[in-house]
Amino acid sequence: MLVFVRASVLYRASSPSQPGEWGRGLASGVFDALVIGGGIIGLWTGLDLAMRGLRVAVLERGVIGGETSGKFHGLLHSGARYAVRDPVSASECISENRVLSRIASHAIEDTGGYFVALTREDEEYYEELSKALRRIGIPFREVPVEEARREEPELNPGARIVIEVPDKVVYGRDMVVSVALTAFREGALVLEHLEAMEIRSAGEELVVRLQDRLRGDSVELRARAVINAAGPWAGEVAKRAGVRAEVMPTAGTMVVYPRRLTRRVINRMRPPSDGDIVVPYGSSSIAGTTAFIVEDLENVEPVEEEIEFLTREAAAMLPRIAELPVARAYTSIRPLIRIGSEPEKAGREATRSFQVIAHSEPRGFFTVVGGKFTTARLVAEKLGDTVAKYLGVGKRSRTSETPLAGQDPYQELRELKNIDGALLQRVLDSIRGGMDEERGRLAAYAALHYAVTAMSRKALGLPTA
Amino acid sequence: MKLGGELETNEPPERVRRVLTSPEKVATCLPHIVSWEAGEKGLRATFRVNIGGVVEYLSRLTARANIEIREIDHDNIDYVFEGTIARAKYSGVIHVHLDEKENGTRIQWSADVELGKTLQLLSRFINVDELLDKIVKEVTESMIKCVEKT
């Protein structure tokens with residue numbers, strides 16, 4: 001019987017220049033689960049499984065949180081946006097909004113949100129929206145327009161109806177690093193720059209052949225279960241396991257203005273449309289979003305027409321935004337999931353927000369598609385239930401009741417004792433306690449990010465440069 | 001992609017024809033119109049279309065269209081259009097035939113729509129014919145309601 005020592009793994013390296021340089025390793029062993037994809041869902045999945053006592057590694061080909069999870073608009077949904085058309089999704093959102101606010105308050109700003117009716121058509125939507133909110137149990141209150149304008153002076157003076165909902169802002173990097181740090185503390189490895197090239201069966205286990213994108217060498221890891229949480233790239237990863245997971249990538253553009261114009265998130269009161277939200281993110285305002293189909297995932301950029309469109313739509317709610325310069329725009333890719341074998345069925349079920357697929361071959365290979373930042377923890381919980389059952393592990397998920405690490409990133413960094421980061425530690429110590437302590441938090445999270453992923457690579461015997 | 005349908009209204013054919021051949025009236029009759037600019041024989045419009053659950057986080061998307069109105073004869077009108085939605089191109093013709101009936105007008109329409117490559121990719125995931133049918137029907141029904149209100 002193989003004895004597993006944390007971060008000990010049997011691997012083979014093949015490098016034309018230095019064969020045999022790696023491979024000494026520590027005691028041999030097998031992971032319980034490998035999670036391919038270091039976005040927010042992959043990271044929550046790693047944490048969920050680690051908390052059930054499983055030996056798990058999260059594998060990211062680039063930088064954790066570097067793609068979709070680092071390029072959304074920062075909204076922690078109240079669910080109000082989905083209340084009319086997708087009440088199941090709306091209900092999940094309000095539930096997760098409350099859970100995350102409890103376990104990760106340090107990464108969330110309780111801004112509140114307004115829905116604003118500007119036209120008669122918007123007003124006609126109010127009845128349908130308010131009924132749906134009541135039915136689902138999403139709290140809201142109608143705000144007298146004069147009060148709304150006192151609270152948010154930049155609001156269009158022509159606003160006809162305003163309601164307040166519990167929308168919040170989630171700081172993407174803070175949350176991503178907090179989940180990664182907590183997973184690491186629970187015994188998971190969080191590994192960057194490792195791209196899964198092939199997933200194949202080997203008896204009762206799966207072998208994942210990875211390319212180390214830092215050095216170009218190959219590494220093989222073994223696990224009893226492999227989870228494909230690669231988001232828009234899930235289709236490509238599935239192909240590398242010899243299966244199909246139909247994922248069509250869509251993308252959306254967001255525009256950043258260098259001034260925070262509101263305290264609250266501002267939504268247009270109408271069926272969810274492109275360009276109907278402005279999120280106050282730190283000291284900026286982010287307007288979003290659009291939707292278009294993407295053919296080349298590696299080559300997606302905002303276009304001028306979209307930036308102008310988003311500015312016009314945002315200015316309908318907040319006229320002054322049109323006077324601000326555009327700081328920048330960015331584009332985020334999201335997967336459109338295909339459910340069922342027939343296009344007709346796919347169309348009818350297209351509103352379901354995520355899907356977990358347990359592939360029959362290779363056995364032990366799972367794909368998760370869909371899900372949003374707000375509900376990522378829930379997606380991971382459902383995925384964790386499926387994988388744990390497959391592995392014969394009876395422990396339930398504990399992520400909803402366990403506060404995340406990362407509340408004080410400066411202190412967390414000290415506790416990690418990452419020897420390589422000693423000089424950086426001193427720099428961050430000098431920021432703490434001074435006038436830039438709050439602005440320096442992002443730097444502290446970046447340092448934590450580096451520490452967790454570097455220490456994970458080292459635990460596997462992989463170089464960090 | 002070919003679509004078609006039939007509608008009826010209590011308005012007389014001449015009235016229907018007047019509305020359906022006026023660029024300004026056609027513009028204001030498009031559903032969820034955002035902005036428009038009318039010319040002598042056509043219009044440029046930005047409007048929203050219902051896309052249902054195609055994209056999880058959106059119910060409607062903004063479309064742009066250039067529409068040329070051609071009066072073929074007294075009873076037949078062609079709308080030649082081309083535009084973009086979600087960075088994808090589309091084009092085609094909607095043919096409308098007006099028939100007088102007792103106390104009103106029967107309107108028969110047929111549409112020939114061409115979708116750009118990226119919209120065609122959607123057909124792997126959703127029933128594009130069904131979606132397009134819904135969109136074109138929403139546009140035509142909006143036009144008829146408008147005729148009755150004008």
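1. Let's start with a small sheet in chain A of this predicted model. Three strands form an open sheet in the order β3-β8-β4, and their pairing is antiparallel. At its edges stand β3 (75–76) and β4 (108–109) of chain A; each has a single partner strand, so one side of each is left without a neighbour in the sheet.

2. If you would like to see one of these pairings up close, look at β3(A) and β8(A). The two strands run antiparallel and are joined by 2 bridges, with β8 spanning residues 168–170 of chain A. Across from A:L76 you will find A:K168 in β8(A).

3. Next, the nonpolar interior. The largest nonpolar core contains 175 residues, and A:A33, A:L34, A:A180 and A:I227 have the most contacts inside it. Residues of this core come from both domain 1 (31–68 + 173–246 + 348–459) and domain 2 (108–162 + 253–337) of chain A, so the core lies between them. In soluble globular proteins, nonpolar side chains tend to be buried together.

4. A:A180 is a handy place to zoom in. Leaving aside residues up to four places away in sequence, A:A180 touches A:L43, A:I64, A:V190, A:H449 and A:V452.

5. Finally, over to chain B. Which residues of helix α1 (residues 13–20) of chain B are buried? They are B:V16, B:R17, B:V19 and B:L20. Viewed down the axis of α1(B), the buried residues fall within an arc of 165°, so they line one face of the helix. Their packing partners in chain B are β1 (2–9), α2 (23–29), β5 (76–85), β6 (88–101), β7 (104–115) and α4 (128–149).

Note on methods
Residues numbered from 1 in each chain as written. Chains lettered and ligands numbered in written order. Predicted model: local features only at pLDDT ≥ 70, side-chain atom pairs only at ≥ 80, totals over all residues. Buried ≥ 20, exposed ≤ 12 C-beta atoms within 10 Å, placed from the backbone. Helix = DSSP H or I, 4+ residues; strand = E, 2+ residues; numbered from the N terminus. Arc of directions from axis to C-beta. Contact = placed C-beta atoms within 7 Å. Core = buried A, V, L, I, M, F, W, Y, C linked by C-beta atoms within 7 Å. Domains from an automatic or database assignment. Pairing = 2+ DSSP bridges.
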